[in-house]
Amino acid sequence: MKYLLPVGAVIFLTLALVATIRLTGQKQDVRQKAAAATTLTIIRTSGNNPVLRGDSFTAEVEINTGVNVVAAADIKVTFNPAQLELLSITPGTLLPTELMNTSIDNAAGNGRIVLGLPAPTAGAFNPGVTGTGIVATLTFRADQAGSSLISFDPATGVSGLGEDKGQNVLSGTV
C-alpha cells in the first residue's frame, strides 16, 4: 500500500509528459493579423471634361484589399459645398449591402455610406472579398465654376475579417 501512491504518481506524471510532448509536436495554425494594406481611390468616370456649371458627373470609389479579406467599409467623403452638390451615393458590386442609411449633407460638404457583405444563406459562411473593385458610386452636380477636391474624411475605415473589433485595415486613400 505504501508503494501504491508513489507508483500512481509516477504513472500519472509519465502520461502527462507523453501527452504534452505529443500535443506540442502537432502543427499549429499560426496567423498574423492583417496588415493595413487596403487602399481606397476616387476615380471620375463620367461627365464632360471639363465639367461645366450645372453638369452632373459620377465618380467611383475603388478598393484594393491588398492582403486583407474585407467585410465592410465606412466611406466618408468631403467636397467643397460652394462648388459641388452630392446628389447620391450608391453601393458598388464588391460590397453591395448598405448597413446603415446613406447620409448626404450638402451644406457641410460631406456624405457617408456604410457597406458590407450580403447576409449569408442559412448554413453558409460569407468568406469576405479580396482584390480590386468598385464599392460605391458618387453622383455630383457642379454648382459653380472652378475646381473642387473630392476626398475621403480621415474617419473613413475598412474592416477586415479576422481582425480585432474596430481595427481599420485601410492604409491609404487617393
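1. Leaving aside neighbours within four places in sequence, which residues is Val51 in contact with? They are Arg44, Phe57 and Ala142. Keep in mind that this is a predicted model. Val51 sits in the loop that runs between β1 and β2. Ala142 is 91 residues away from Val51 along the chain, yet their C-alpha atoms are separated by 7.1 Å. As for burial, Val51 has a relative accessible area of 26%, so it goes down as partly exposed.

2. A quick look at the overall layout. The chain has one helix and eleven strands, and the helix comes at the N-terminal end of the order, with the strands following it. Of the 174 residues, 31% are buried. If you take contacts between residues at least 6 apart in sequence, 71% of them join residues at least 24 apart. The Val51 and Ala142 pair, 91 residues apart along the chain, is one to look at on screen.

3. Now the pocket. The largest one has a volume of about 270 Å³. Its lining has 19 residues, and Val51 is among those nearest the centre, together with Phe57, Leu84, Gly146 and Ser148. By type, the lining splits into eleven nonpolar residues, six polar and two charged. β1 and β2 each put in at least two residues, with β1 giving the most, at three.

4. Asp55 deserves a look of its own. This residue is in the loop between β1 (38–46) and β2 (56–64). Asp55 is buried but has no salt bridge. What is the nearest side chain of opposite charge, and how far away is it? That would be Arg44, 7.4 Å away, and a salt bridge needs the nitrogen within 4 Å of the carboxyl oxygen. Not counting residues up to four places away in sequence, Asp55 touches Asn48, Phe140, Arg141 and Ala142. Ala142 also turns up in the contact list of Val51, and so does Arg44.

5. On to the salt bridges, of which the whole structure has four. Arg141 pairs with Glu85, and the closest N and O atoms are 2.4 Å apart. That pair links distant parts of the chain, with Arg141 in strand β8 (residues 132–142) and Glu85 in strand β4 (residues 84–91), 56 residues apart. Arg141 also meets Asp143 in a salt bridge, at 3.6 Å from N to O. Are these three buried or exposed? Somewhere in between: Arg141 has 29% relative accessibility, so it counts as partly exposed. Glu85 is partly exposed too, at 23%, and Asp143 gets that label at 25%.

6. Elsewhere, Asp74, Lys76 and Arg112 are linked in a network of salt bridges. Within this network, the side chains of Lys76 and Asp74 meet at 3.9 Å, N to O. Why does Asp74 count as buried? Because its relative accessibility is 17%, and the label buried applies under 20%.

7. If you open the model, I'd start with the loop between β1 and β2. Val51 is in that loop, and Asp55 is there as well. From Val51 you can step to the largest pocket, where Val51 is one of the residues nearest the centre. From Asp55 you can step to Arg141, which Asp55 touches, and on to Glu85, the salt-bridge partner of Arg141.

Key
Residues numbered from 1 in each chain as written. Predicted model: local features only at pLDDT ≥ 70, side-chain atom pairs only at ≥ 80, totals over all residues. Heavy atoms only, no water. Helix = DSSP H or I, 4+ residues; strand = E, 2+ residues; numbered from the N terminus. Buried < 20%, exposed > 50% of the residue type's maximum accessible area, 1.4 Å probe, protein only. Lys, Arg positive; Asp, Glu negative; His and termini not counted. Contact = heavy atoms within 4.5 Å. 1 Å grid on protein atoms, 1.4 Å probe; cavity = no way out; pocket = protein on both sides within 12 Å on 5 of 7 lines; lining within 4 Å. Points joined across faces, edges and corners; volume = space filled by probe spheres on them. Nonpolar A, V, L, I, M, F, W, Y, C, P; charged D, E, K, R; others polar.
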